[in-house]
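User: Please explain how the terms used for this model are justified. I am new to the structure.

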Amino acid sequence: MTQAPSNSEAFSLIALGRTDSTNAEARRRAETGAVHGTLLWATEQTAGRGRRGREWVSKPGNFYASLILRPACEARQATQLAFVTALAVGALLEARFGADPRYKWPNDVLVDGRKIAGILAESMMGKGQGVEWIVLGVGINVASHPEDVEYPATSLHGLGSKPVEIAELAQAFGEAFFRCYDSWEKEGFAHVREAWLCRAAGIGKPVRVRLEQETIEGKFEGLDAEGALLLLKEGGADPVRITTGDVFPMSVIGDS
Ligand code: BTN
């Protein structure tokens, strides 16, 4: 079988050492003209950020990276790139560590039912409907994982992996990402959505979804064509479309 092209020219890797947040640094650089394909990685973050304003504890030994893209797409399509990023992380974990990744909506990557990676996408609108830039931040638990978290977590070390060179992982992530990105550009989101759904955690099962103002329960039916979660509430005829929230499969949290 022929090897897929490495895509190593599609991005330029920049090592930051210790920084506040690779996403914050990527945003600063995007605002001052950093080019599409700039990939920043850090050894440690002093103000790592998670989704929905949460902290991302960022000790040395784990993977912290943010990629700056300037895609020629509409702002509403930019959210699709977080799914592309999740697939890239999953492909990387499978190819390099033999893991069997699962995707938890919207953009978490799980191994053995535990969170191993999170993704934070931040973007700036351009003129009209387009995006000026998007920053895709990725944290992978390599050497350690937080214990005191709402959703159980794991790390590559916890899964028995040998020590990992983070610089090498950053290069491999860039390559994996641009393979998935090429497929998104050529074949569109439907293809990405299919691949994501094939390994979706909790699909067809009862889940609890925490929204901004309330928590609702129902069956996780799938994703719509834009990547929104479709939740069928008990007794409901049509699924509810959810665009922001945190999902907890009942199999993980029980009936608490
Ligand atoms: C989440 O699951 O809540 C998303 C976590 C995203 C963490 C990464 S680590 C690299 C990048 N820089 C940040 O400050 N956050 C993202």
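**The pocket and its ligand**

Analyst: The largest pocket has a volume of about 700 Å³, a volume being the space filled by probe spheres set on grid points joined across faces, edges and corners. Among the 39 residues lining this pocket, R54, E55, W56, K115 and V149 are the closest to its centre. The model is predicted: local features need pLDDT of at least 70, side-chain atom pairs count only at pLDDT 80 or more, and totals for chains, interfaces and linings use all residues. Residues are numbered from 1 along each chain as its sequence is written, and side-chain values use heavy atoms, without hydrogens and water.

User: What makes a space a pocket?

Analyst: On a 1 Å grid over the protein atoms alone, a pocket is an open set with protein on both sides within 12 Å along at least five of seven lines, and lining residues have an atom within 4 Å of a point.

User: Where is the ligand?

Analyst: The ligand takes up the space of the largest pocket; a molecule sits in a pocket if more than half of its atoms lie within 2 Å of its grid points.

User: Why is the pair formed by the ligand and the side chain of S21 called a polar contact?

Analyst: A polar contact is a pair of N or O atoms within 3.5 Å. An oxygen atom of the ligand lies 2.7 Å from an N or O atom in the S21 side chain, so this pair meets the definition. For T22, a ligand nitrogen atom is 3.0 Å from a side-chain N or O atom.

Definitions and conventions: A polar contact is a pair of N or O atoms within 3.5 Å; within protein, one must be able to donate a hydrogen and the other to accept it, and residues adjacent in sequence count only if both atoms are side-chain atoms. On a 1 Å grid over the protein atoms alone, a cavity is a set of points where a 1.4 Å probe fits but cannot get out, and a pocket is an open set with protein on both sides within 12 Å along at least five of seven lines; lining residues have an atom within 4 Å of a point.
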